[in-house]
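Got the viewer open and a hand free for selecting residues? Let's walk through this fold one stop at a time.

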Amino acid sequence: MRLILMGPPGAGKGTQAKYVAEHFGIPAISTGDIFRANVSQGTPLGVEAKRYMDAGEYVPDEVTNRMVRNRIDEDDAAPGFLLDGYPRTVAQVSELDQMIEATGHRLDAAVVLTVDAEELVQRLLARAQTEGRADDTEEVIRRRQEVYTEQTEPLIDVYRSRGLLVEVDGMGEVDEVTQRVFAALDVLPSS
Ligand code: AMP
């Protein structure tokens, strides 16, 4: 099973990614988490990524693509994977296509979580209090939403036109959303 999970910042991607990946027995690969781990370890990748993350901008495609390529080459990703937060740009979509094609597989679905704009801001402000992420300040939150709209929202149409888009209502309790994702994915042809 090869899945991508999309949605604006605050849609609940990270939370849902873990449940969905566990259900299918595949790793949840979060580019944001990998960047954050590198930032906290002070690696060269972390130093490079931090400048962009703190400003709410995307890390350059070459850097991000290389990191994902290395991660999905690891053994645990051979049976499949769920990508949380990748691809986020049109250039990343073609890169991912090549990565998957090279393994002789195909993408099964692109799940997008939809959540009201007002609810998104409330969730992110609440997360800022509990998790203290550096990029959860009000100004950076706003910038991240803009960048999503400009650079990532167009990907929804790309996957829709390929017949791979699975839209899931991301409003409500975590459990309810997880059940909706499972219900939507259960109707897919098995791979
Ligand atoms: P996330 O945890 O998915 O919200 O990601 C946090 C931050 O990491 C983003 O605001 C970007 O700066 C960076 N990031 C994560 N995934 C990507 C990606 N696919 N392309 C570029 N930057 C990314």
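Start with helix α4, residues 61–72. From the first C-alpha to the last, these 12 residues reach 16 Å, close to the 16 Å expected at 1.5 Å a residue. Keep in mind as you click around that this is a predicted model.

Now show the side chains of Val63, Thr64, Asn65, Met67, Val68, Arg71 and Ile72: these α4 residues are buried. What covers them? Turn on β2 (28–30), α2 (31–41), α3 (44–55), β3 (81–84) and α5 (90–102), which are among the elements lying over the buried residues of α4.

**The sheet**

Switch to the strands. You should find five of them in an open sheet, and reading across gives β2-β3-β1-β4-β5, with parallel pairing. Look at the two ends of that order: β2 and β5 (165–169) are the edge strands, and each has a single partner, so one side of each is left without a neighbour in the sheet. Ignoring direction, neighbouring strands here are turned by 25° against each other on average.

Next, select β1, residues 2–6. Is this strand buried or exposed? Five of its five residues are buried, so β1 is largely enclosed by the rest of the structure. In a regular strand, side chains alternate between the two faces of the sheet. On β1, Arg2, Ile4 and Met6 sit on one side while Leu3 and Leu5 sit on the other, and both faces are covered.

Stay on β1 and check its partners. With β3 it pairs in the parallel sense over four bridges, and you can pick out Leu82 in β3 as the bridge partner of Leu3. Four bridges also join β1 to β4, again running parallel; here Met6 has Val112 in β4 as its bridge partner.

From there, step outward to β4 (residues 109–114) and β5, a parallel pair held over five bridges. Select Leu113 and then Val168 in β5 to see one pair of bridge partners.

**A buried alanine**

Go to Ala21, in helix α1 (residues 13–24). Which residues does Ala21 touch, leaving aside neighbours within four places in sequence? Ile26, Pro27, Ala28 and Leu82. You met Leu82 a moment ago as the bridge partner of Leu3. Ala21 is buried, with a relative accessible area of 3%. For a distance check, draw a line from its C-alpha to that of Ser94: these two are 73 residues apart along the chain and separated by 23 Å.

**A buried aspartate**

Jump to Asp136, in the loop between α6 (117–131) and α7. Its relative accessible area is 3%; the cut-off for buried is under 20%, so Asp136 counts as buried. Now bring up two arginines. The Asp136 side chain makes a polar contact of 2.9 Å with the side chain of Arg127, and another, at 3.0 Å, with that of Arg144. Beyond neighbours within four places in sequence, Asp136 is in contact with Leu124, Arg127, Ala128, Ile141 and Arg144.

**Last stop: two helices**

Finish with α7 (residues 138–152) and α8 (residues 154–161). Their axes are 5 Å apart, and the helices pack at an angle of about 35°. To see the contact, select Tyr148, Thr149, Glu150, Gln151 and Thr152 in α7, which meet Pro154, Leu155 and Ile156 in α8. Colour that set by class and you get four nonpolar, three polar and one charged residues.

How values were computed: Residues are numbered from 1 along each chain as its sequence is written. This is a predicted model: local features need pLDDT of at least 70, side-chain atom pairs count only at pLDDT 80 or more; totals for chains, interfaces and linings use all residues. Side-chain values use heavy atoms; hydrogens and water are left out. The expected span of a helix is 1.5 Å times one less than its number of residues. Buried means under 20% relative accessible area, exposed over 50%, partly exposed in between (1.4 Å probe, protein chains only). Contact means heavy atoms within 4.5 Å. Axes are lines fitted to C-alpha atoms, for helices over the stretch in contact, and angles run from 0 to 180 degrees between N-to-C directions. Ala, Val, Leu, Ile, Met, Phe, Trp, Tyr, Cys and Pro count as nonpolar, Asp, Glu, Lys and Arg as charged, and the others, Gly among them, as polar. Two strands pair if DSSP finds at least two bridges between them. A polar contact is a pair of N or O atoms within 3.5 Å; within protein, one must be able to donate a hydrogen and the other to accept it, and residues adjacent in sequence count only if both atoms are side-chain atoms.
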